[in-house]
Amino acid sequence: MHCAPTNTPDIDLAALRERYRAEADKRRRPEGFAQYVEMDAELEEFLEFEPYEEFPERAPLTDEVDAIVLGGGFAGLIAAGRLRQAGVEKIRIIDRAGDFGGTWYWNRYPGIQCDVESYTYLPLLEELGYMPRNRYSFGDEIFAYCQQIGRHFGLYEHAVFATVVNAMRWHEDESRWHVTTNRGDDIRARYVVMCPGPLNRPKLPGVPGIRDFKGHSFHTTRWDFDYTGGTPDAPVLDKLAGKRVAVIGTGATAVQCVPFLAKYAEHLTVFQRTPSYIDDRGNRPTDPKWASELKPGWQLERMQNFHLGINDVYAPETVDLICDGWSELNRNIQARRKAEGWRDLTLEEFMAMREEEDYRAMERIRARVDSIVADPAKAAILKPWYRFLCKRPCFNDDYLPTFNLPHVDLVDVSEARGIEGMTETGIIAGGTEYPVDCIIYASGFETTTDMRRRYGIDVIEGRGGQSLYEHWKDGFRTLHGMSIHGFPGLFFTGYVQGGVSGSITQMYDQQGRHIAHIIGEAMARGGGTVEPTAEAEAEWVRTTRENLMLDVGFWQSCTPGYNNNEGLEVTRFTIFGEPYGPGYDAFDTLIREWREKGEFAGLEFGPAEELVR
Ligand code: NDP
């Protein structure tokens, strides 16, 4: 089916640029990420809160497995699945959560859904023979699908849940990692794969008085259904009747849960610093006829198409298979270039065209707010003044209409760069106290803080007691973003020093396959160690830094957020780590050719060992 470009209004580019700059400056805070408070000892209860089930004591484990995978979300499930296929038998996934699912385990707030099309986002669909129920899946289906992947690869057998790793040490004399946990475990393994995901550590605004509030409060990633009423499967929040509820934050999470809160609370106050981009949802059940006609290889093609739509440039013949808001810019540019006969453009001309289409698309989004929100004052506050992808775009049909309800207030806290504080009874914003019974923090996650904080593991020590955090203190140092000299058999997934795809599960599979290929080889050679040479690591660091193609101008112009280091110096250490400049596809080719050569260039394998089963 042909996917049409969108109708976008005319714009005054110079005036908009100036407005964007002013809106970004207004929100920029010199302390950057330090404005957020770590869930330290005093606020640990936010993190420790276990809303879904109780976990009994269990005897500590002191056994040995072939591979430990830290994290049971999509990254860990895919990596472990690929390890299984590479012949690794005893694989233990360890997770703080009570089941597989990662972010989909924790985030079960009302309305949770994935904004990326399910046929693209849910990995391994062809391998598992699974077809999502809807074009955009709800959280319960995704969570259940994670469990299905776990069963498919037999990953439950050795998995350990409700367990927090506190140290990992390489024991040279045994050639093993020792992984110790809060449950007294001391588990040995030859290989460890880190799969923490980018959004595993909730953050809270570091405002005065946050510890003083005497009402009820929780973070969206640990939704307290006991307090609100309802369950993840039936979010009837009837216990909120008669309650004054506040939500802090208006990102992708708030956009989904706010309509539910408005439905049940007596009064809802939404504290907004930066409005989100809100487009329509366009959800629909999966068409069985369409599904039955898909040809083998369809999912990778679709993932690749999604990735192209966000991260790349459409060639004349590219068909937009996804056809939603994520690819609007590319689609519109393609249509315009076609109308202009695909005349040659310099890079500058192309970037100017892209900028203009970006501003036009965002103007369409702002006009959309006016068409839905009746009160012009509220509509004005809800309009996003920044470029596409500065912030995560959101797609929701119920969020904007919520602000037409008489018992829903919207408090703009942009002038003061956030809420100013809390009292025992409420929130202070703009010098006014808003008394509430419940505060719900939709305040996001740590994405660029210190790795020790984000991994939540105090000690990671390789050969000679060398600390990972010390090794990375001046930036990532890896081979291909996946392994490190001095840390034998330790592997990494996620945004480190590799190719970044708009389709995160595609990236996880790329990494999972590569890591499994290497560990599979090490096992085939007798289960000895494997690690990059210091030279190979240094060479990759040099390659990455020389090729770093961070669009500093674009990110610096964005309103502050986790994508751009809170609007401060944008050099390295964004959420995307240090991406390989030539792009995801070039990186994919590079590591595929590396594998095909069969030389395992840059890696050193230790002597063979007898494999313990
Ligand atoms: P975000 O980081 O996107 O949003 C946090 C919100 O809290 C922002 O609106 C932020 O404002 C606000 N905030 C933080 N501090 C303060 C303060 N002091 N005063 C007032 N407001 C404050 O977190 P989310 O949980 O919404 O989303 C995180 C990511 O999770 C998304 O970007 C997306 O990748 C993923 N996600 C995906 C979903 C999907 O697919 N449907 C759904 C939910 C999440 P400001 O913007 O000004 O910093």
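The exercises below, each with a worked solution, concern a predicted model of one protein chain.

Residues are numbered from 1 along each chain as its sequence is written. Because the model is predicted, local features need pLDDT of at least 70 and side-chain atom pairs count only at pLDDT 80 or more, while totals for chains, interfaces and linings use all residues, and side-chain values use heavy atoms, with hydrogens and water left out.

**Exercise 1. Overall dimensions**

Determine how the radius of gyration of the protein chain stands against the value for a compact globule.

Solution. Begin with the rule, which is 2.2 Å times the number of residues to the power 0.38, the radius itself being taken over C-alpha atoms. For 613 residues a compact globule would have a radius near 25 Å, and the protein chain has 24 Å, which agrees. Next, take the box along the principal axes, where the C-alpha atoms fill roughly 70 × 65 × 50 Å. Finally, consider burial: 57% of the 613 residues count as buried, that is, they have under 20% relative accessible area, with exposed meaning over 50% and partly exposed in between (1.4 Å probe, protein chains only).

**Exercise 2. Secondary structure and a small sheet**

Count the helices and strands of the protein chain, and then describe the sheet that contains strand 15.

Solution. Helices (H or I, at least four residues) and strands (E, at least two) are DSSP runs numbered from the N terminus, and the protein chain has 21 of each kind. Strands 14, 15 and 16 form an open sheet in the order 14-15-16 with antiparallel pairing, where two strands pair if DSSP finds at least two bridges between them. The edges are strand 14 (421-422) and strand 16 (432-435), each of which pairs on one side only. Between strand 14 and strand 15 (residues 426-429) there are 2 bridges, and Gly 421 stands opposite Ile 428 in strand 15.

**Exercise 3. Two residues with positive phi**

Give the phi, location and burial class of Ala 162 and of Cys 323.

Solution. The background is that most residues other than glycine have a negative phi. Ala 162 nevertheless has a positive phi of about 50°, and its place is in the loop between helix 7 (139-152) and strand 4 (165-171). With a relative accessibility of 12%, Ala 162 counts as buried. Cys 323 has a phi near 60° and lies in the loop between helix 11 and helix 12 (328-339), but at a relative accessible area of 28% Cys 323 is partly exposed.

**Exercise 4. Surroundings of Ile 310 and Lys 391**

Find which residues Ile 310 touches and which residues are in contact with Lys 391, leaving aside neighbours up to four places away in sequence.

Solution. Ile 310 lies in helix 11 (residues 298-311) and is buried, with a relative accessible area of 13%. Taking contact to mean heavy atoms within 4.5 Å, Ile 310 touches Trp 326, Arg 354, Leu 389 and Gly 502. Ala 162, by contrast, is 148 residues away from Ile 310 in sequence and 36 Å away in space, C-alpha to C-alpha.

Lys 391 is found in the loop between helix 14 (376-381) and strand 12 (394-395), where Lys 391 is partly exposed at 23% relative accessible area. The contacts of Lys 391 are Thr 274, Tyr 386, Thr 559, Pro 560, Gly 561 and Asn 563. As a last step, the C-alpha atoms of Lys 391 and Tyr 277 are separated by 7.7 Å, although the two residues are 114 apart along the chain.
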